[in-house]
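Below are some notes on the model, set out point by point. They take up the main pocket, one helix with its surroundings, and a strand residue.

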Amino acid sequence: MKIKKIILGLLGTLLVLGIAGYATSKISPWPTALLLRYAFDYGADKKSEALEKHVPDHITVIQDQCYDSTDTEALLDVYYPENQIITASIIWVHGGGWLSGNKKQVANYGKILASKGFSVVSIDYALAPSVVYPGPVRQLNTALDYLIQNQQRLHICTAKMILAGDSAGAQIAAQTAALLTSPEYAKLLGIVPKTPVCRIAGLVLYCGPYDIGKTDVETGFKGLARPILWSYSGTKDFLTDAYFKTASVNQYLTKHFPPAFISAGNGDDLLFQSQVLARHLADLSVPVDTLFFPNAYTPKLPHEYQFDLDHKAGTTALQRSVQFIMKLP
């Protein structure tokens, strides 16, 4: 009888917690955001570990450089090859749905890129829902200025800086490039560019969301699009929020946008967004290089396929990215 009461008590507690969790998820993005952060970070950590065997020797690392004196958590790492002339600097913004991820998760990929003759910067930015849109864009804007001011110490080739990113990081990189090349857009965002536009030679963009209005909120990413966008926008009504609409960078591009390399896998929910971005830039006569795969390509290439260097598509993506950067003036 006593055991039965304990079991009933536990079931009652779980029911109350379940109801409370469900109710909380309807009034705040936090519960779902934290669960997603755990899941996304687990997957990203595994991808990073799988790259360990591909990391070359003789890569120097400069860690935990604070790029904003007002924020001790605004940190970046730099990777560069020993005894090589650095021909370009890649500033990589990690993905994670704006609510997860960190600079360490792209460290191995950054080191692999660095071995091609580049310095590579991996940037941390504040995560949603703690910091909402356009917090990461403001931070990248600040980080670029910091890199230019510390170019010699950090081995930055300011004559050829490449903005790069994956998933949400690709969106942040693309939006930053757009505000640097459009005074009207920068004014609309309320962000003052700190970097001369001539410093940005090009972009490398993987698997990004570039038009929030074209996101399938109910079913996108297996139904996770809604809590992700709620977390990043800071409002449950993100689809009708006038300011958050400015996150749809595809709507604010100009002919002055830098040349771009754009790619996504054929099994990626965001493939369409990459394809539309590429067509839009081409219509503006912006030089665009793309890597897309036939619908019949098997196995289907998932979101963030480029980090899998044990697969031919991943190695092809890496080669094409490097070729694109090397060809930039």
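1. Helices here are DSSP runs of H or I with at least four residues, numbered from the N terminus. The model is a predicted one. With helices counted in that way, α2 gives the most to the lining of the largest pocket, namely six residues.

2. The largest pocket has a volume of about 830 Å³. Its lining is made up of 40 residues, and F40, S167, F221, H303 and E304 are those that lie nearest the centre. Helices that each supply at least two lining residues are α2 (30-50), α7 (220-223) and α8 (225-233).

3. What is the make-up of the lining of the largest pocket by class? There are 17 nonpolar and 15 polar residues, and eight charged residues complete the lining.

4. Helix α9 covers residues 271-283, and its length can be checked against its residue count. At 1.5 Å a residue, its 13 residues should span 18 Å, the expected span being 1.5 Å times one less than the number of residues. The end C-alpha atoms of α9 are 19 Å apart, which agrees.

5. Which residues of α9 are buried? They are L271, Q273, S274, V276, L277, A278 and L281. The cover over these buried residues includes three strands, β6 (200-206), β7 (260-263) and β8 (288-291). After α9 comes S285, which has a positive phi, near 65°.

6. One of the buried residues of α9, Q273, has a side-chain partner in a loop. That partner is T215, and a polar contact of 3.5 Å joins the two side chains. T215 is found in the loop between β6 and α7. Setting aside neighbours within four places in sequence, T215 is in contact with A225 and L229 as well as Q273.

7. Is A164, a residue of strand β5 (residues 161-166), buried or exposed? A164 is buried because its relative accessible area is 0%, and the cut-off for buried is under 20%.

8. The surroundings of A164 can be listed in full. Not counting residues up to four places away in sequence, A164 touches I90, I91, W92, V93, A173 and V204. The C-alpha atoms of A164 and V120 are separated by 9.9 Å, with the two residues 44 apart along the chain.

Technical notes
Residues numbered from 1 in each chain as written. Predicted model: local features only at pLDDT ≥ 70, side-chain atom pairs only at ≥ 80, totals over all residues. Heavy atoms only, no water. 1 Å grid on protein atoms, 1.4 Å probe; cavity = no way out; pocket = protein on both sides within 12 Å on 5 of 7 lines; lining within 4 Å. Points joined across faces, edges and corners; volume = space filled by probe spheres on them. Nonpolar A, V, L, I, M, F, W, Y, C, P; charged D, E, K, R; others polar. Buried < 20%, exposed > 50% of the residue type's maximum accessible area, 1.4 Å probe, protein only. Contact = heavy atoms within 4.5 Å. Polar contact = N/O pair within 3.5 Å; in protein donor to acceptor, adjacent residues only side chain to side chain.
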